[in-house]
Amino acid sequence: DCVLLAGGGMVAVASGNSISICDLLSGGKVLQSVVAHSKTVSCLHADGSGHLYSGGLDRFVKVHDLARYQVLGSLRYEAPVLGVALSPTRSHLVAALANSTICVRRQRAAAARADMPSASSEADPTARPLGAKPGQVAVSEGIAARFDGAHPGTYRYFLRGRTQAPQAGDVVAGRGAPPKLSGFDKALKGFRYHEALDAALLNGAADVVVGVIEELVQRNGLRIALHGRDQQTLQPLVGFLVRNITRPPHAHVLIGVANLLLDMYAPVFGQSAAIDELFVRLRATCEGEARLQADLAQLMGAMDVLLAGAVPSAPLRAPGAGGDESGGTSLLRPQKKAKQASPMLP
C-alpha cells in the first residue's frame, strides 16, 4: 500500500513489514525507512497533522510521527488489520479486520479538539521547517504533546496517579502484611542447603522434610546438604529415615537419601555407637519391609489360584462335535436313554 503525504511531495510506501518515505521531487529517493511491525504492513493512512497510521497482519495499528520518524503509540485488535482510516475531525479511528468486522474507536472530545488544526493558523503545519532535511515536516502539537512527560511505556507513565489522594467513593485496596517465611525457606532463599535441611528436620513434619529434600534435588544441592555432618546433625536425619522410609508416599525419595548416606558415611562406620545403632535399625526396618512385601506377593499368588478355581468354565465338547451336522453330543451332558420299543399287538 502507498499513501501521498501532505504537500504532495512525498509518498509513504509499505513493503513487507517496513514503511519507506520517498521524495517524489527527487525521483523517488528513499528518505527514511521505518520498521515498526513484526508482519506485513497491509494499509496506510496519513492525516493533515504530520502523523501516519499503519495497520498490519500482526493485529496492530501504529501511529508514526513524520517529524522524528518515531512510533507514538499502537492499538491492538483481535484480528489482522486490512484497512485503517481517520475521520476529518480526528475523533474516530476506523479499522477493517480480517474476520469481516469493522472496529470504530472514538477519541475523547477534549483530546480531539486539542489535536485538530486551528482554522486561523497562518502557517502550514506540514510545511518543511527552515533548514530541515528533505522529507522532514514540522513538529505538531498532537499525540506527542498529549503524552508529554507520561508517554505509555515510560516509568513516569507507570507511576501516574500514585500521589493522588483517594476520593470519597473510591475503593481502596489495603496492603496486607507479607507472608512470614519459615526457617528452611529463608535458608533456601540464601542457598544455605545444610541449614535448610536442619530446619526442616527440626519442624518434624514428614511432608515438610520430603518437600525440602525434593527442592534440594531440583537444585542439585542434596549432596551439599548431607556432606560434613557430625553425630549431632546426623542423628536426626537417620532417625527420620528409620521412621518414614517405609511410608509409601515418601519411600521413593527417602530410599535415594539412604543410599546416598551409606555411600558418603560408610568409611566412618564404627566411630560412633549411636550412629551405628541407628543404621542397624534402618537395616532392620528395610529387611522387615522386604519380608512383608514377599509375604504379600505369596498371598496374592495364592488368592489368584483360588479365584481362578472359583470361576466357572465353559462346557467342553468333543472334537468335531458341532450340532446337528456332525451328530456329536457333549461329553459333560448325560446322554438320553433310548426308549424301549413296545411290543406290537397282533
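**Close-up 1. Cysteine 2 is an exposed residue in a predicted model.** Cysteine 2 has a relative accessible area of 51%, and the model that shows it is predicted. The closest cysteine sulfur belongs to cysteine 22. The gap between the two sulfurs is 9.6 Å, which is too far for a bond. A disulfide needs the sulfur atoms of a pair to lie within 2.5 Å. The structure holds zero disulfides. Cysteine 43 is a buried residue, with a relative accessibility of 3%.

**Close-up 2. Strand 1 and strand 2 form a hairpin.** Strand 1 covers residues 2-4, and strand 2 covers residues 10-15. The two run antiparallel and are joined by three bridges. One pairing to look for links leucine 4 with valine 11 of strand 2. Five residues sit between the strands. Glycine 7 is in this turn, and its phi is positive, at about 100°.

**Close-up 3. Strand 2 also forms a hairpin with strand 3.** Strand 3 takes in residues 18-23. Six bridges hold the antiparallel pairing of strand 2 and strand 3. Methionine 10 has aspartate 23, in strand 3, as its bridge partner. Two residues lie between these strands. The turn includes glycine 16, whose phi is positive at about 70°.

**Close-up 4. Strand 7 is largely enclosed by the rest of the structure.** The strand spans residues 60-65. Five of its six residues are buried, so the surroundings largely enclose strand 7. Strand 6, residues 51-56, pairs with strand 7 in the antiparallel sense. Five bridges make up that pairing. Tyrosine 53 is matched with valine 63 of strand 7 as its bridge partner. Strand 6 and strand 7 form a hairpin with three residues between them. In the turn, arginine 59 has a positive phi of about 70°.

**Close-up 5. Strand 7 and strand 8 make a hairpin.** Strand 8 runs over residues 70-76. Six bridges connect strand 7 and strand 8, again in the antiparallel sense. Histidine 64 has its bridge partner in strand 8, at valine 71. Four residues separate the two strands. Tyrosine 69 lies in the turn and has a positive phi of about 55°.

**Close-up 6. Phenylalanine 191 has a positive phi without being glycine.** Its phi is near 60°. Phenylalanine 191 belongs to the loop between helix 4 (183-189) and helix 5. The residue is exposed, at 59% relative accessibility. Helix 5 covers residues 193-203 and contains tyrosine 193. Tyrosine 193 is buried, with 11% relative accessibility. Leucine 226 is 33 residues from tyrosine 193 in sequence. In space, the C-alpha atoms of tyrosine 193 and leucine 226 are 8.9 Å apart.

**Close-up 7. Asparagine 220 sits in the loop between helix 6 and helix 7.** Helix 6 spans 206-218, and helix 7 spans 222-226. Asparagine 220 is another residue other than glycine with a positive phi, near 60°. It is exposed, with a relative accessible area of 68%.

**Close-up 8. One aromatic pair is found in a search of the whole structure.** The partners are phenylalanine 269 and phenylalanine 279, with ring centres 4.7 Å apart. Their planes meet at 50°, so the pair is tilted. Phenylalanine 269 is in the loop between helix 9 (251-265) and helix 10, while phenylalanine 279 is in helix 10. The pair therefore ties together parts that are ten residues apart in sequence. Phenylalanine 269 is partly exposed, with a relative accessible area of 36%. Phenylalanine 279 is buried, with a relative accessible area of 10%.

**Close-up 9. Six named side chains make a nonpolar surface patch.** They are Leu292, Leu296, Leu299, Met300, Met303 and Leu307. The patch measures about 560 Å². Leucine 292 lies in helix 10, which covers residues 273-310. Leucine 292 is partly exposed, at 43% relative accessibility.

Methods: Residues numbered from 1 in each chain as written. Predicted model: local features only at pLDDT ≥ 70, side-chain atom pairs only at ≥ 80, totals over all residues. Heavy atoms only, no water. Buried < 20%, exposed > 50% of the residue type's maximum accessible area, 1.4 Å probe, protein only. Patch = residues over 30% accessible without salt bridge, like charges linked within 9 Å, V, L, I, M, F, W, Y side chains within 5 Å. Areas by Shrake-Rupley, 256 points an atom, 1.4 Å probe, with all protein chains shown as cover. Salt bridge = Lys/Arg side-chain N within 4 Å of Asp/Glu carboxyl O. Pairing = 2+ DSSP bridges. Phe/Tyr/Trp six-rings, centres within 6.5 Å; stacked < 30°, edge-to-face > 60°.
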